[in-house]
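Me: I am new to this structure and would like a close look at a single part. Please take the place where the start of the chain meets a later helix, and add a little of the surroundings.

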Amino acid sequence: LNRICAYSKYLSEQLLDRPGYSEVTHTFIDTIARSAALHDVGKVGIPDSILLKPGKLTGPEFEVMQSHTTMGAELLEGLMKDYGEYGMITMGAEMAIAHHEKWDGSGYPNGTMGLDIPLSARILTICDVYDALTSHRVYKEAWSIEETMDNIRENAGKQFDPELVKIFLARMLMKIVKVSGG
């Protein structure tokens, strides 16, 4: 979660003062850096037998897994109903419900597409996939940074906001070159 928060903050910072991203302010950046940690809160309602399954999920198991988006949003919306709205919780609920939506509308739970997906969720989706692919999981080995960047590039305009992909990959490539001394 710390990496996803850091990646989300980093990508958001690249949007500051960029035309077309007027909602990105220092407050937005600070909020996404904290609320990105809430995107998978709905997984508390998913049985460990599914969450920790080392192999591919069956159709019914995948349906249960998909419900973490709505469970997370409902949990956070319930907090706001009981205790009032806070920027971090509001954005967390927005990301919880929409972080598996896809740019082309083929995602879940609502089939939201393109710019109708909240910017926070479009940012988080790229960062979450980057982290998931480059990390070892019970069901897969970590991918190389190059393989991961290729996958994200190939899914621009399908899964991911193509403009955000360009910005993310350009900045990540610059960071890699600096780290490797190139």
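Reply: What follows goes through the side-chain pairs of helix 1 and helix 7, then a few pairs elsewhere.

The model is predicted, so a local feature needs pLDDT of at least 70 and a side-chain atom pair counts only at pLDDT 80 or more, while totals for chains, interfaces and linings use all residues. Residues are numbered from 1 along each chain as its sequence is written, and side-chain values use heavy atoms, with hydrogens and water left out.

Some terms come first. Helices (H or I, at least four residues) and strands (E, at least two) are DSSP runs, numbered from the N terminus. A residue is called buried under 20% relative accessible area, exposed over 50%, and partly exposed in between, with a 1.4 Å probe and protein chains only. A salt bridge has a side-chain nitrogen of Lys or Arg within 4 Å of a carboxyl oxygen of Asp or Glu.

Start with charge. Side chains of opposite charge can pair when their charged atoms come close. D131 and R3 form such a salt bridge, with 2.4 Å between the closest N and O atoms. R3 belongs to helix 1 (residues 2–15) and D131 to helix 7 (residues 119–134), so this pair ties together parts that are 128 residues apart in sequence. The two partners differ in exposure: D131 is buried, at a relative accessible area of 3%, whereas R3 is partly exposed, at 46%. The bridge also belongs to a network of salt bridges, which links R3, D131 and R137.

The next link between these helices is aromatic. A pair of aromatic rings is described by the distance of the centres and the angle of the planes. Rings of Phe, Tyr and Trp (its six-membered ring) pair if their centres lie within 6.5 Å; planes under 30 degrees apart count as stacked, over 60 as edge-to-face and the rest as tilted. The structure holds 3 aromatic pairs. In one of them, Y7 and Y130 have ring centres 5.2 Å apart and planes at 90°, so the pair is edge-to-face. This pair too links distant parts of the chain, since Y7 lies in helix 1 and Y130 in helix 7, 123 residues apart. Both rings belong to buried residues: Y7 has a relative accessibility of 19%, and Y130 a relative accessible area of 4%. Ring pairs join Y7 and Y130 with F168 into a cluster.

S8 is also in helix 1. S8 counts as buried, at 0% relative accessibility. Leaving out residues up to four places away in sequence, S8 touches I32, A36, I123, L124 and C127 (contact means heavy atoms within 4.5 Å).

C127 brings in the cysteines. A disulfide is a covalent bond between the sulfur atoms of two cysteines; here the cut-off is a pair of cysteine sulfur atoms within 2.5 Å. The structure holds 0 disulfides. For C5, the closest cysteine sulfur is that of C127, 9.8 Å away, which is too far for a bond. Both cysteines are buried, C5 at 9% relative accessibility and C127 at a relative accessible area of 0%.

Some pairs elsewhere give context. A search of the whole structure finds 7 salt bridges. Among them is the one between K166 and E163, at 3.9 Å from N to O. These two residues are 3 apart in helix 9 (residues 162–180), so they are separated by about one helical turn. K166 is exposed, at 56% relative accessibility, and E163 is partly exposed, with a relative accessible area of 34%. Another salt bridge joins the side chains of D40 and K43, at 3.4 Å from N to O. D40 is buried, with a relative accessible area of 19%, while K43 is partly exposed at 27%.

To return to the part you asked about: the salt bridge of R3 in helix 1 with D131 in helix 7 ties together parts 128 residues apart in sequence, and the ring pair of Y7 in helix 1 with Y130 in helix 7 links parts 123 residues apart.
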